Amino acid sequence: MDTVYISQLHVETIIGVYDFEKESKQSLFFDIEMKTDISAAARQDDITLAVDYAKVSERVIAHTEASRVELLETLVEQLAALILQEFAIEAVTIRVSKPAAVPQAQTVGLEITRNR
Ligand SMILES: Nc1nc2c(c(=O)[nH]1)N=C([C@H](O)[C@@H](O)CO)CN2
């Protein structure tokens with residue numbers, strides 16, 4: 001199986017457990033890997049047969065900017081379900097980083113993999 005990926009997609013949104021986090025946006029960075037067979041798109045050189053990483057990026061940005069959840073867990077589960085539903089992939093891995101969350105760390109976050 002092949003992989004279409006998006007690296008370090010930057011989105012700003014309201015997210016967090018604490019009251020101060022509900023007042024201003026914070027940066028999130030997403031790494032997304034999608035398992036798919038690219039051979040038909042390659043054979044016909046046709047974007048409509050490909051998993052369009054630009055369209056996936058647009059959906060992740062739109063959903064994340066509109067979202068108002070507390071946990072990264074909730075957000076990435078929603079995004080994984082959305083990507084699996086809307087794009088022709090077998091599995092998705094999403095790694096999200098929230099660099100401002102722990103000042104002593106370069107970044108923190110989590111990673112999930114979900115299959116169709
Ligand atoms: N596993 C998680 N741990 C924490 C989260 C989270 O979303 N998932 N969030 C927070 C706070 O919102 C943090 O980002 C601010 O310090 C703490 N731990």
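Asp-52 sits at the N-terminal end of helix α2 and caps it, with a side-chain oxygen 2.9 Å from the backbone nitrogen of Ala-54. Keep in mind that this is a predicted model.

The helix that follows, α2, covers residues 53-66. Its 14 residues should span 20 Å at 1.5 Å a residue, and the end C-alpha atoms are indeed 20 Å apart, so the two agree.

Now for its sides. Val-56, Ser-57, Val-60 and Thr-64 are the buried residues here. They cover an arc of only 100 degrees around the axis, so they share one side of α2. Why does that spacing work? An α-helix has 3.6 residues a turn, so residues three or four places apart point the same way. The buried residues of α2 pack against β1 (2-13), β2 and α3 (72-86). On the face turned away from that buried side you'll find the exposed Glu-58 and Ala-66.

One of those packing partners, strand β2, runs over residues 26-36 and includes Gln-26. Is Gln-26 buried or exposed? Its relative accessibility is 13%, under the 20% cut-off, so Gln-26 counts as buried. Beyond its neighbours within four places in sequence, Gln-26 is in contact with Val-11, Glu-12, Thr-13, Ile-15, Glu-21, Lys-98 and Ala-100.

Here are the two side-chain polar contacts side by side:

| Side chain | Backbone atom reached | Distance |
|---|---|---|
| Asp-52 (oxygen) | nitrogen of Ala-54 | 2.9 Å |
| Gln-26 | oxygen of Ile-15 | 3.0 Å |

Zooming out, an unreviewed UniProt entry lists residues 4-114 as "domain: Dihydroneopterin aldolase/epimerase". Over that stretch the chain is 32% helix and 31% strand, and the end C-alpha atoms lie 15 Å apart.

Definitions and conventions: Residues numbered from 1 in each chain as written. Predicted model: local features only at pLDDT ≥ 70, side-chain atom pairs only at ≥ 80, totals over all residues. Heavy atoms only, no water. Helix = DSSP H or I, 4+ residues; strand = E, 2+ residues; numbered from the N terminus. Buried < 20%, exposed > 50% of the residue type's maximum accessible area, 1.4 Å probe, protein only. Polar contact = N/O pair within 3.5 Å; in protein donor to acceptor, adjacent residues only side chain to side chain. Contact = heavy atoms within 4.5 Å. UniProt positions renumbered as here; feature names shortened; annotations may be inferred. Expected span 1.5 Å × (residues − 1). Arc of directions from axis to C-beta.
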